[in-house]
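Biologist: I am new to this structure and would like a close look at a single part of it. Could you choose one strand and take me through its surroundings with some care?

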Amino acid sequence: MLEAVADESHQLIHEDEAMSAVLKLADQVAGSEASLLITGESGTGKEVLARYVHRKSHRSDKPFISVNCAAIPDNLLESELFGHEKGAFTGAVARRIGKFEEANGGTLLLDEISEMDARLQAKLLRAIQEREIDRVGGGKPVKVDIRIIATSNRDLADAVKRGTFREDLLYRLNVVNLRLPALRERQKDILALARHFAQKYAQANGAPYRPIAPATERLLLSYGWRGNVRELENTMHRAVLLATGSEITPEAIRLPDGTHVGTIDLPSPVKAAVETAQAATRSLVGRTVADVERDLILDTLDHCLGNRTHAANILGISIRTLRNKLREYGQAGLQVAQPGETRLAG
(Lines give C-alpha, C1' and ligand atoms only; values in the text may rest on other atoms or scores of the structure.)
Protein backbone atom coordinates (compact mmCIF):
# COMPACT_ATOMS: atom_id res chain seq x y z
CA MET A 1 0.00 0.00 0.00
CA LEU A 2 1.19 3.50 -0.81
CA GLU A 3 -0.48 6.28 1.12
CA ALA A 4 0.16 9.94 0.44
CA VAL A 5 -1.52 13.16 1.41
CA ALA A 6 -0.88 16.61 0.03
CA ASP A 7 2.59 17.95 0.76
CA GLU A 8 1.21 20.99 2.52
CA SER A 9 -0.44 18.65 5.04
CA HIS A 10 2.80 16.74 5.71
CA GLN A 11 2.99 13.57 3.70
CA LEU A 12 2.86 10.11 5.08
CA ILE A 13 4.14 7.64 2.52
CA HIS A 14 4.71 3.98 3.17
CA GLU A 15 4.78 0.55 1.58
CA ASP A 16 6.51 -1.51 4.27
CA GLU A 17 4.59 -3.82 6.60
CA ALA A 18 6.48 -2.47 9.64
CA MET A 19 5.10 1.01 8.98
CA SER A 20 1.64 -0.36 8.22
CA ALA A 21 1.55 -1.90 11.70
CA VAL A 22 2.37 1.47 13.30
CA LEU A 23 -0.36 3.22 11.31
CA LYS A 24 -2.88 0.55 12.19
CA LEU A 25 -2.26 1.25 15.88
CA ALA A 26 -2.34 5.02 15.23
CA ASP A 27 -5.72 4.67 13.52
CA GLN A 28 -6.97 2.64 16.47
CA VAL A 29 -6.15 5.29 19.07
CA ALA A 30 -6.55 8.47 17.01
CA GLY A 31 -10.17 8.95 18.00
CA SER A 32 -9.45 8.72 21.72
CA GLU A 33 -8.40 11.48 24.10
CA ALA A 34 -5.37 9.53 25.35
CA SER A 35 -1.97 11.18 25.45
CA LEU A 36 0.48 9.60 23.03
CA LEU A 37 4.24 9.17 23.07
CA ILE A 38 5.85 8.79 19.64
CA THR A 39 9.41 7.44 19.78
CA GLY A 40 12.05 6.76 17.17
CA GLU A 41 15.37 7.93 15.84
CA SER A 42 15.82 11.46 14.54
CA GLY A 43 14.47 11.86 11.04
CA THR A 44 11.99 8.95 11.14
CA GLY A 45 8.95 11.24 10.83
CA LYS A 46 7.63 11.58 14.37
CA GLU A 47 5.99 14.95 13.74
CA VAL A 48 4.48 13.67 10.49
CA LEU A 49 2.89 10.81 12.43
CA ALA A 50 1.63 13.23 15.09
CA ARG A 51 -0.08 15.32 12.41
CA TYR A 52 -1.55 12.13 10.94
CA VAL A 53 -3.08 11.24 14.32
CA HIS A 54 -4.48 14.78 14.66
CA ARG A 55 -6.10 14.60 11.22
CA LYS A 56 -7.73 11.29 12.17
CA SER A 57 -8.97 12.59 15.53
CA HIS A 58 -12.17 14.33 16.59
CA ARG A 59 -10.08 17.48 16.98
CA SER A 60 -9.01 17.62 13.32
CA ASP A 61 -10.85 20.91 12.71
CA LYS A 62 -9.09 22.53 15.66
CA PRO A 63 -5.49 23.81 15.92
CA PHE A 64 -2.44 21.60 15.75
CA ILE A 65 0.37 23.40 17.58
CA SER A 66 3.95 22.13 17.69
CA VAL A 67 6.68 23.14 20.13
CA ASN A 68 10.28 21.95 19.75
CA CYS A 69 11.41 21.61 23.36
CA ALA A 70 15.04 21.11 22.30
CA ALA A 71 15.21 24.33 20.27
CA ILE A 72 13.99 26.79 22.92
CA PRO A 73 16.17 27.78 25.91
CA ASP A 74 14.83 26.64 29.29
CA ASN A 75 14.28 30.20 30.49
CA LEU A 76 12.02 30.93 27.51
CA LEU A 77 10.23 27.61 27.16
CA GLU A 78 7.93 28.19 30.14
CA SER A 79 6.64 31.43 28.65
CA GLU A 80 6.40 29.79 25.22
CA LEU A 81 4.23 27.00 26.60
CA PHE A 82 2.13 28.75 29.22
CA GLY A 83 2.27 32.42 28.18
CA HIS A 84 2.91 35.38 30.46
CA GLU A 85 1.25 38.47 31.83
CA LYS A 86 2.40 41.99 31.16
CA GLY A 87 5.27 42.89 33.49
CA ALA A 88 5.91 39.27 34.51
CA PHE A 89 9.60 39.79 33.74
CA THR A 90 11.90 42.33 32.11
CA GLY A 91 10.77 42.79 28.52
CA ALA A 92 7.24 41.45 29.07
CA VAL A 93 5.57 44.60 27.75
CA ALA A 94 2.26 42.88 26.99
CA ARG A 95 0.33 39.74 27.80
CA ARG A 96 1.31 36.77 25.65
CA ILE A 97 -0.81 33.71 25.00
CA GLY A 98 1.22 30.50 25.21
CA LYS A 99 1.06 27.36 23.06
CA PHE A 100 -1.31 25.60 25.49
CA GLU A 101 -3.93 28.28 24.95
CA GLU A 102 -3.23 28.48 21.21
CA ALA A 103 -3.93 24.75 20.97
CA ASN A 104 -7.15 24.95 22.99
CA GLY A 105 -9.65 22.48 21.56
CA GLY A 106 -6.98 20.86 19.44
CA THR A 107 -3.66 19.05 19.75
CA LEU A 108 -0.37 20.17 21.28
CA LEU A 109 2.78 18.42 20.10
CA LEU A 110 5.71 18.55 22.52
CA ASP A 111 8.58 17.61 20.24
CA GLU A 112 11.71 16.06 21.83
CA ILE A 113 10.24 16.33 25.32
CA SER A 114 13.25 14.59 26.86
CA GLU A 115 15.09 17.92 26.59
CA MET A 116 12.69 19.69 28.95
CA ASP A 117 14.06 21.02 32.24
CA ALA A 118 13.01 19.07 35.37
CA ARG A 119 11.34 22.10 36.98
CA LEU A 120 9.23 22.68 33.90
CA GLN A 121 8.33 18.99 33.78
CA ALA A 122 6.55 19.43 37.13
CA LYS A 123 4.50 22.34 35.79
CA LEU A 124 3.66 20.35 32.66
CA LEU A 125 2.50 17.41 34.77
CA ARG A 126 0.13 19.65 36.69
CA ALA A 127 -1.22 21.16 33.46
CA ILE A 128 -1.98 17.69 32.07
CA GLN A 129 -3.56 16.47 35.29
CA GLU A 130 -5.65 19.54 36.07
CA ARG A 131 -6.39 20.65 32.51
CA GLU A 132 -5.38 24.15 33.43
CA ILE A 133 -2.26 26.30 33.19
CA ASP A 134 -0.75 29.25 35.01
CA ARG A 135 0.65 32.04 32.86
CA VAL A 136 4.01 33.32 34.05
CA GLY A 137 3.17 36.16 36.43
CA GLY A 138 -0.52 35.27 36.31
CA GLY A 139 -2.87 35.43 39.27
CA LYS A 140 -5.35 32.69 38.44
CA PRO A 141 -5.30 29.45 36.42
CA VAL A 142 -6.63 29.24 32.85
CA LYS A 143 -8.65 26.20 31.77
CA VAL A 144 -7.52 24.44 28.58
CA ASP A 145 -8.92 21.55 26.57
CA ILE A 146 -6.15 19.92 24.58
CA ARG A 147 -4.74 16.56 23.63
CA ILE A 148 -1.03 16.07 24.28
CA ILE A 149 1.26 14.21 21.89
CA ALA A 150 4.93 14.02 22.85
CA THR A 151 7.91 12.76 20.87
CA SER A 152 11.38 11.63 21.87
CA ASN A 153 14.40 10.15 20.13
CA ARG A 154 15.72 8.96 23.49
CA ASP A 155 14.79 6.14 25.85
CA LEU A 156 12.65 7.96 28.44
CA ALA A 157 12.59 4.94 30.76
CA ASP A 158 16.38 5.18 30.87
CA ALA A 159 16.11 8.93 31.47
CA VAL A 160 13.84 8.17 34.45
CA LYS A 161 16.51 5.84 35.87
CA ARG A 162 19.14 8.55 35.43
CA GLY A 163 16.92 11.08 37.18
CA THR A 164 16.60 13.46 34.21
CA PHE A 165 12.93 12.74 33.50
CA ARG A 166 9.99 12.45 35.89
CA GLU A 167 8.50 8.98 36.14
CA ASP A 168 4.99 10.30 36.87
CA LEU A 169 5.16 12.53 33.77
CA LEU A 170 6.24 9.57 31.65
CA TYR A 171 3.20 7.61 32.83
CA ARG A 172 0.92 10.53 31.96
CA LEU A 173 2.37 10.90 28.47
CA ASN A 174 2.91 7.26 27.59
CA VAL A 175 -0.68 6.05 27.64
CA VAL A 176 0.00 4.64 24.17
CA ASN A 177 3.45 4.39 22.62
CA LEU A 178 3.86 4.59 18.85
CA ARG A 179 7.39 3.50 17.94
CA LEU A 180 8.52 4.52 14.48
CA PRO A 181 11.00 2.01 13.04
CA ALA A 182 14.22 3.34 11.56
CA LEU A 183 14.27 3.55 7.78
CA ARG A 184 16.73 0.65 7.60
CA GLU A 185 14.07 -1.49 9.34
CA ARG A 186 11.48 -0.78 6.64
CA GLN A 187 13.29 -1.50 3.41
CA LYS A 188 10.23 -1.21 1.16
CA ASP A 189 9.78 2.40 2.23
CA ILE A 190 13.26 3.38 1.03
CA LEU A 191 12.38 3.02 -2.65
CA ALA A 192 8.80 4.30 -2.20
CA LEU A 193 10.10 7.46 -0.55
CA ALA A 194 13.01 7.84 -2.97
CA ARG A 195 10.64 7.76 -5.96
CA HIS A 196 8.33 10.24 -4.26
CA PHE A 197 11.18 12.66 -3.50
CA ALA A 198 12.49 12.32 -7.06
CA GLN A 199 9.11 13.43 -8.38
CA LYS A 200 8.67 16.13 -5.77
CA TYR A 201 12.00 17.84 -6.34
CA ALA A 202 11.92 17.50 -10.10
CA GLN A 203 8.67 19.45 -10.02
CA ALA A 204 9.91 21.93 -7.41
CA ASN A 205 13.07 22.72 -9.39
CA GLY A 206 11.54 22.69 -12.85
CA ALA A 207 13.73 19.73 -13.76
CA PRO A 208 12.69 16.77 -15.92
CA TYR A 209 11.50 13.75 -13.99
CA ARG A 210 14.02 10.92 -14.19
CA PRO A 211 13.24 7.41 -12.93
CA ILE A 212 15.67 5.78 -10.53
CA ALA A 213 17.99 3.33 -12.27
CA PRO A 214 18.05 -0.27 -10.96
CA ALA A 215 21.70 0.09 -9.91
CA THR A 216 20.75 3.22 -7.95
CA GLU A 217 17.92 1.36 -6.22
CA ARG A 218 20.39 -1.31 -5.08
CA LEU A 219 22.69 1.43 -3.78
CA LEU A 220 19.88 3.13 -1.86
CA LEU A 221 18.89 -0.19 -0.28
CA SER A 222 22.48 -0.93 0.78
CA TYR A 223 23.05 2.42 2.48
CA GLY A 224 22.60 2.74 6.27
CA TRP A 225 20.47 5.96 6.37
CA ARG A 226 21.54 7.06 9.85
CA GLY A 227 19.57 10.26 9.28
CA ASN A 228 16.52 8.23 8.22
CA VAL A 229 13.83 9.82 6.03
CA ARG A 230 15.28 13.31 6.42
CA GLU A 231 18.66 12.16 5.07
CA LEU A 232 17.02 10.26 2.20
CA GLU A 233 14.99 13.32 1.23
CA ASN A 234 18.06 15.57 1.11
CA THR A 235 19.98 12.93 -0.83
CA MET A 236 17.26 12.62 -3.47
CA HIS A 237 16.94 16.40 -3.73
CA ARG A 238 20.67 16.53 -4.58
CA ALA A 239 20.29 13.60 -6.96
CA VAL A 240 17.56 15.39 -8.93
CA LEU A 241 19.88 18.39 -9.36
CA LEU A 242 23.00 16.34 -10.21
CA ALA A 243 21.47 13.70 -12.46
CA THR A 244 22.09 13.72 -16.21
CA GLY A 245 20.73 11.47 -18.90
CA SER A 246 17.42 9.66 -18.79
CA GLU A 247 17.74 8.11 -15.27
CA ILE A 248 19.05 8.92 -11.81
CA THR A 249 22.26 6.89 -11.80
CA PRO A 250 24.49 6.00 -8.82
CA GLU A 251 26.83 8.88 -9.70
CA ALA A 252 24.12 11.34 -8.62
CA ILE A 253 23.77 9.82 -5.14
CA ARG A 254 26.17 11.88 -3.06
CA LEU A 255 26.74 13.06 0.50
CA PRO A 256 26.56 16.79 1.33
CA ASP A 257 30.34 17.10 0.83
CA GLY A 258 30.04 15.68 -2.68
CA THR A 259 31.34 12.21 -1.82
CA HIS A 260 29.63 9.31 -3.60
CA VAL A 261 27.47 7.37 -1.17
CA GLY A 262 28.57 3.87 -2.18
CA THR A 263 28.79 1.79 0.99
CA ILE A 264 31.03 4.19 2.91
CA ASP A 265 28.83 4.41 5.99
CA LEU A 266 28.59 0.65 6.48
CA PRO A 267 30.71 -1.46 8.85
CA SER A 268 33.20 -3.72 7.09
CA PRO A 269 31.12 -6.94 7.33
CA VAL A 270 28.08 -5.19 5.87
CA LYS A 271 30.18 -3.55 3.17
CA ALA A 272 31.61 -6.93 2.22
CA ALA A 273 28.14 -8.46 2.00
CA VAL A 274 26.89 -5.61 -0.17
CA GLU A 275 29.91 -5.77 -2.48
CA THR A 276 29.47 -9.55 -2.77
CA ALA A 277 25.79 -9.13 -3.59
CA GLN A 278 26.54 -6.46 -6.20
CA ALA A 279 29.15 -8.70 -7.84
CA ALA A 280 26.78 -11.64 -7.80
CA THR A 281 23.92 -9.74 -9.44
CA ARG A 282 26.02 -9.17 -12.53
CA SER A 283 25.82 -12.90 -13.21
CA LEU A 284 22.19 -13.25 -12.15
CA VAL A 285 20.46 -11.41 -14.94
CA GLY A 286 17.11 -13.03 -15.67
CA ARG A 287 16.43 -14.18 -12.13
CA THR A 288 13.68 -12.66 -9.99
CA VAL A 289 14.40 -10.28 -7.14
CA ALA A 290 12.78 -12.74 -4.72
CA ASP A 291 15.17 -15.50 -5.83
CA VAL A 292 18.22 -13.27 -5.44
CA GLU A 293 17.02 -12.05 -2.03
CA ARG A 294 16.42 -15.61 -0.86
CA ASP A 295 19.90 -16.77 -1.91
CA LEU A 296 21.56 -13.74 -0.31
CA ILE A 297 19.76 -14.31 2.97
CA LEU A 298 20.48 -18.05 3.12
CA ASP A 299 24.12 -17.63 2.06
CA THR A 300 24.65 -14.88 4.65
CA LEU A 301 23.12 -17.09 7.33
CA ASP A 302 25.53 -19.87 6.30
CA HIS A 303 28.42 -17.42 6.56
CA CYS A 304 27.30 -16.56 10.11
CA LEU A 305 26.98 -20.24 11.07
CA GLY A 306 23.27 -19.86 11.66
CA ASN A 307 23.61 -16.81 13.94
CA ARG A 308 20.46 -14.90 13.08
CA THR A 309 21.36 -11.69 14.92
CA HIS A 310 24.71 -11.44 13.14
CA ALA A 311 23.11 -12.24 9.78
CA ALA A 312 20.41 -9.59 10.26
CA ASN A 313 23.08 -6.99 11.04
CA ILE A 314 25.06 -7.88 7.93
CA LEU A 315 21.95 -7.82 5.75
CA GLY A 316 20.80 -4.52 7.24
CA ILE A 317 17.37 -5.85 8.19
CA SER A 318 15.61 -6.36 11.51
CA ILE A 319 15.84 -9.72 13.28
CA ARG A 320 12.05 -9.94 13.03
CA THR A 321 12.16 -9.53 9.24
CA LEU A 322 14.88 -12.18 9.00
CA ARG A 323 12.92 -14.65 11.11
CA ASN A 324 9.81 -14.14 8.97
CA LYS A 325 11.82 -14.75 5.80
CA LEU A 326 13.42 -17.90 7.22
CA ARG A 327 10.06 -19.23 8.37
CA GLU A 328 8.73 -18.64 4.86
CA TYR A 329 11.71 -20.48 3.30
CA GLY A 330 11.36 -23.37 5.75
CA GLN A 331 7.68 -23.74 4.96
CA ALA A 332 8.62 -23.87 1.28
CA GLY A 333 10.81 -26.90 2.01
CA LEU A 334 14.19 -25.11 1.85
CA GLN A 335 16.99 -26.01 4.24
CA VAL A 336 17.83 -23.22 6.69
CA ALA A 337 21.09 -23.15 8.67
CA GLN A 338 20.64 -23.69 12.40
CA PRO A 339 22.80 -21.93 15.06
CA GLY A 340 26.36 -23.26 14.90
CA GLU A 341 25.82 -24.90 11.52
CA THR A 342 25.71 -24.27 7.79
CA ARG A 343 23.30 -25.91 5.41
CA LEU A 344 26.11 -28.14 4.18
CA ALA A 345 26.97 -29.19 7.73
CA GLY A 346 23.32 -29.61 8.70
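Modeller: What follows is a description of one strand and its two partners, with a short note on a cavity at the end. Please keep in mind that this is a predicted model, and that the strand to look at is strand 3, which covers residues 107–111. Strand 3 is mostly covered, with five of its five residues buried, a term that stands here for under 20% relative accessible area. The cover extends to both faces of the strand, since on one side Thr107, Leu109 and Asp111 are buried, and on the other side Leu108 and Leu110 are buried as well.

Turning to the partners, strand 2, made up of residues 64–68, runs parallel to strand 3 and is joined to it by five bridges; within this pairing, Leu110 of strand 3 has Val67 opposite it. Strand 3 is also joined by four bridges to strand 6, residues 147–152, and these two strands again run parallel, with Ile149 of strand 6 standing opposite Leu109. Leu109 and Leu110, which have these opposite residues, thus belong to the two separate faces already described, and both are buried.

As for enclosed space, the structure holds one cavity of 30 Å³ or more, and the largest cavity contains about 40 Å³ of space. Its lining is formed by Ala198, Ala202, Pro208, Tyr209, Arg210, Val240, Ala243 and Ile248, a set that divides into seven nonpolar residues, no polar ones and one charged.

How values were computed
Residues numbered from 1 in each chain as written. Predicted model: local features only at pLDDT ≥ 70, side-chain atom pairs only at ≥ 80, totals over all residues. Heavy atoms only, no water. Buried < 20%, exposed > 50% of the residue type's maximum accessible area, 1.4 Å probe, protein only. Pairing = 2+ DSSP bridges. 1 Å grid on protein atoms, 1.4 Å probe; cavity = no way out; pocket = protein on both sides within 12 Å on 5 of 7 lines; lining within 4 Å. Points joined across faces, edges and corners; volume = space filled by probe spheres on them. Nonpolar A, V, L, I, M, F, W, Y, C, P; charged D, E, K, R; others polar.
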